[in-house]
Amino acid sequence: MKKCSKYNLPEKYETIEFNKQNVCNICLSNDFKNENINWDERKKTI
Ligand SMILES: [Zn+2]
């Protein structure tokens, strides 16, 4: 089983895909969500 290099956890999703850095699409989408949250926080502070 492949392991995601992002969080070093075994990924068990069937739809998982790894990019060239061995980061799975699920972690990438999590990062994307986190970035969106950070942007929202920034908007509040401005
Ligand atoms: Zn991952």
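This section describes the fold of a single chain and the surroundings of four of its residues, taken from a predicted model.

The chain holds one helix and zero strands. Of its 46 residues, buried ones make up 2%. Helix 1 covers residues 25–45, and the residues discussed below lie either in this helix or in the segment before it.

A good place to begin is Asn 22, which belongs to the segment before helix 1. Its backbone deserves a second look: phi is near 65°, a positive value in a residue other than glycine. Most residues other than glycine have a negative phi. Asn 22 is exposed, because its C-beta has 11 other C-beta atoms within 10 Å, and a residue with 12 or fewer falls in that class.

Lys 2 likewise sits in the segment before helix 1. It lies 20 residues from Asn 22 along the chain, and the two C-alpha atoms are separated by 8.6 Å. Lys 2 has 10 other C-beta atoms within 10 Å and is therefore exposed. Leaving aside residues up to four places away in sequence, Lys 2 touches Glu 11 and Phe 18.

Cys 4 is another residue of the segment before helix 1. What does Cys 4 touch, not counting residues up to four places away in sequence? The contacts are Leu 9, Glu 11, Asn 22, Val 23, Cys 24 and Cys 27. Glu 11 thus appears among the contacts of Cys 4 and also among those of Lys 2, while Asn 22, with its positive phi, is one of the residues that Cys 4 touches. Is Cys 4 buried or partly exposed? Its C-beta has 19 neighbours inside 10 Å, and burial needs 20 or more, so Cys 4 counts as partly exposed. Between Cys 4 and Ile 16, 12 residues apart along the chain, the C-alpha separation is 9.9 Å.

Ile 16 returns in the surroundings of Asn 25, a residue placed in helix 1. Asn 25 touches Ile 16 and Glu 17 when residues up to four places away in sequence are not counted. The C-alpha atom of Asn 25 is also 8.8 Å from that of Thr 15, a residue 10 positions apart from Asn 25 in sequence. With 15 C-beta neighbours inside 10 Å, Asn 25 counts as partly exposed, a class that Cys 4 shares with its 19 neighbours.

Conventions. Residues numbered from 1 in each chain as written. Predicted model: local features only at pLDDT ≥ 70, side-chain atom pairs only at ≥ 80, totals over all residues. Helix = DSSP H or I, 4+ residues; strand = E, 2+ residues; numbered from the N terminus. Contact = placed C-beta atoms within 7 Å.
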